[in-house]
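Hi there,

Here is the structure I promised to pass on to you. Please have a look at it first, and then read my notes underneath.

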Amino acid sequence: MNQTATAIKVDNGVNVEALLGAREALTATPEAARFKWRATCSWVNGTHSKSTVQSFFGLGAEQTHKTEFRYDADHPEIFASEDKGATPVEYVLVGLASCLTAGIAAVAQNRGIQLHSVKATLEAGMDIQGILGIDADVRNGFDGIKVTFDIDADASKDDIAALVAQSQKRSAVFDIVTNPTNVAVEIR
Amino acid sequence: MIHEALRREPLAGTVDVVVIGAGHAGLAMSRCLSQRSIDHVILERGEVANSWRHERWDSLRLLTPNWQSRLPDYGYTGPDRDGYMTMPEVVAFIEQYAKVIDAPVRTGTTVTSVAPTDRGYRVVTDKGQWRCRVVVAASGANSIPSVPTLGAAVPKSVQTLTAKDYRHPGQLDDRGVLIVGASATGLQLADEISRSGRLVTLAVGEHIRMPRVYRGMDIQWWLDALGILDERYDKVDDIARARALPSPQLVGTSQRETLDLNALRQRGVEMVGRLVGVDAGKVQFSGSLRSHCAMADLKLRRLLDRGDIWAKRCRKSTLPPPQRYAATHVEDSPRLQLDLARNRIGSVIWATGFRPDYTWLHVPVFDRMGRLRHDGGIVDAPGLYVLGLNFLRRRKSSFIHGAEDDVRDLSFHLATYLRRQRASRPWPQRAEEFAEDESATAPARYHQSQCVM
């Protein structure tokens with residue numbers, strides 16, 4: 001396989017050289033690899049809240065996004081809410097989908113595969129008897145998540161399957177969703 | 001000062017090379033050293049092939065067929081070329097090799113310390129100490145079971161074993177068994193224990209799926225033919241990852257059976273995801289089982305595709321036609337949590353791999369992860385070599401047949417090093433000079449005793 005020749009043509013808009021360079025640099029300086037991600041959330045009214053994301057810590061210093069990103073969260077009208085934003089559980093799906101999709105683009109670039117379109121469709125089941133406290137044996141969260149990808153790329157079916165598999169393997173949100181995480185909630 | 005230390009541990013000898021461990025790798029190196037007329041001794045804590053005798057479960061057979069079992073100037077000559085050796089057969093095979101090559105083995109000699117000196121190394125054992133120019137560590141890759149730290153949280157009411165402690169199902173009570181890890185070890189134990197009538201749950205993370213026989217040929221034949229076993233450590237993309245891969249899901253049986261997750265499932269073994277938490281008697285599993293199984297199926301398909309393309313190109317027309325295997329069946333909602341008491345789990349077995357034991361190696365050659373720094377077995381300290389680790393120089397390095405190419409390469413390097421050392425730093429003539437020599441670079445405690453004088 002002539003990897004250098006294909007690498008020149010393929011452009012998924014991912015700077016793989018920079019990512020591989022970062023991997024090498026961070027192997028030498030593991031302290032710089034310790035990141036902290038942050039969000040703030042303010043209650044507005046009812047179930048409506050506004051969240052913001054701007055600063056984070058990484059590479060040994062405070063960092064900031066180019067702009068502050070804002071997100072409205074609420075619940076739909078059938079929950080007697082005003083539906084001013086996506087529900088928090090939908091944000092979880094957004095996080096998972098965008099993480100896997102970004103991973104596919106990066107892996108495809110690294111493997112010299114040109115992508116034309118990538119679309120993820122997600123569905124998560126939930127029995128709301130859990131959050132309503134009707135049945136203690138029903139958990140609050142999802143009982144499962146199904147992710148379906150439609151991918152058009154210059155690659156075989158197996159090569160595309162390998163992209164999707166590798167993106168799961170390296171995905172932060174896939175790990176967060178599939179494995180337990182300690183959560184400390186405190187009051188200031 | 002140093003004389004005192006020497007008195008404490010009588011000098012057993014001076015030799016150019018000390019090989020630590022009389023397993024297949026140490027003996028293979030010994031053969032190459034003898035052929036080069038290099039003066040050496042093999043120090044063995046127990047007997048020849050000690051780990052194969054004492055640290056394996058009873059039913060284990062080699063994962064490689066007999067025709068593949070070979071060492072420098074030695075190989076399997078029996079009638080069952082496609083069979084797989086039992087542990088007593090492996091021991092006999094290696095023992096015979098030690099005799100045939102007349103290996104200078106000192107059995108019952110445990111190395112307690114290797115430390116640098118001005119001209120080489122001081123090797124302290126429970127039977128005196130050796131001084132030498134070169135040390136070859138062939139003490140095995142599978143000395144210490146790697147148990148995840150969360151293993152400590154498993155309640156005491158449950159028996160915990162590692163693959164090193166396990167011998168047969170009779171060691172377990174009749175309650176259920178949770179086996180953690182889906183390499184060859186985890187699958188073989190799950191198979192044997194479920195056949196003994198116990199309920200088995202198998203925690204499955206990243207794994208490598210392989211059929212025992214493909215198109216009539218042993219999978220090892222394919223790996224060999226495709227050049228996969230000969231892939232070099234300096235030619236793969238990510239050697240750290242390649243070295244950490246689990247062993248492929250294989251078993252050696254007289255029926256040449258394939259042992260995979262589907263076969264275990266049919267026998268009633270319950271598959272769950274990677275073990276990720278233990279809390280108040282409850283064990284938690286990752287929701288990534290489907291992802292790991294899909295990855296293993298995909299990699300198997302790619303391996304078989306590669307084999308088929310090769311067979312076609314080489315016109316292997318006598319081989320039976322290609323075939324593909326059913327995808328690994330994963331339940332719709334695999335269990336994410338197991339209450340050990342409520343589900344009557346009596347034992348947890350860690351089949352989570354091994355690491356080498358270098359607690360005796362007092363040379364600063366370890367990286368921040370505690371791994372030995374080496375370049376294909378040439379350790380990052382002059383005159384120090386290591387053998388038999390996963391993917392040391394080639395993908396086959398940790399197999400019995402993998403030793404041959406490695407020891408040929410490394411004994412060449414070793415001989416060149418030794419020639420230069422002999423010329424530039426001959427051994428001193430008198431014992432006192434040895435003492436002065438060693439005190440110059442000996443570990444701190446020797447310097448301290450020197451100050452007292």
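What follows is a short tour of chain A, then of two helices, and then of the place where the chains touch.

A word on the source first: this is a predicted model, in which local features need pLDDT of at least 70 and side-chain atom pairs count only at pLDDT 80 or more, while totals for chains, interfaces and linings use all residues. Residues are numbered from 1 along each chain as its sequence is written, and chains are lettered from A and ligands numbered from 1 in the order in which they are written.

Chain A has five helices and six strands (DSSP runs numbered from the N terminus, with H or I and at least four residues for a helix, E and at least two for a strand). Read from the N terminus, the order of its elements is α-α-β-β-β-β-α-β-β-α-α. The C-alpha trace of chain A spans about 60 × 40 × 30 Å along its principal axes. Of its 188 residues, 13% count as buried (20 or more other C-beta atoms within 10 Å of a residue's own; exposed is 12 or fewer, partly exposed is in between, and C-beta atoms are placed from the backbone).

Helix 4 of chain A covers residues 157–169 and reaches 19 Å between its end C-alpha atoms, close to the 18 Å expected (1.5 Å times one less than the number of residues). Its buried residues include Ile160(A), Leu163(A) and Val164(A). The buried residues of helix 4 pack against helix 3, strand 6 and helix 5 of chain A, and also against helix 9 (289–313) of chain B.

That brings us to helix 9 of chain B. Its 25 residues should span 36 Å at 1.5 Å a residue, and its end C-alpha atoms are indeed 36 Å apart. Among its buried residues are Leu289(B), Cys293(B), Leu300(B) and Gly307(B). Their cover includes helix 4 of chain A, along with helix 6 and helix 8 of chain B. After helix 9 comes Arg315(B), with a positive phi near 55°.

How many residues of chain B are in contact with chain A? There are 13, and they meet 12 residues of chain A (contact: C-beta atoms, placed from the backbone, within 7 Å). On that side of chain B, strand 16 (275–279) and helix 9 each supply at least two residues, and helix 9 gives the most, with six. The residues there divide into four nonpolar, seven polar and two charged (Ala, Val, Leu, Ile, Met, Phe, Trp, Tyr, Cys and Pro are nonpolar, Asp, Glu, Lys and Arg charged, and the others, Gly among them, polar).

Best wishes

Terms used
Contact = placed C-beta atoms within 7 Å.
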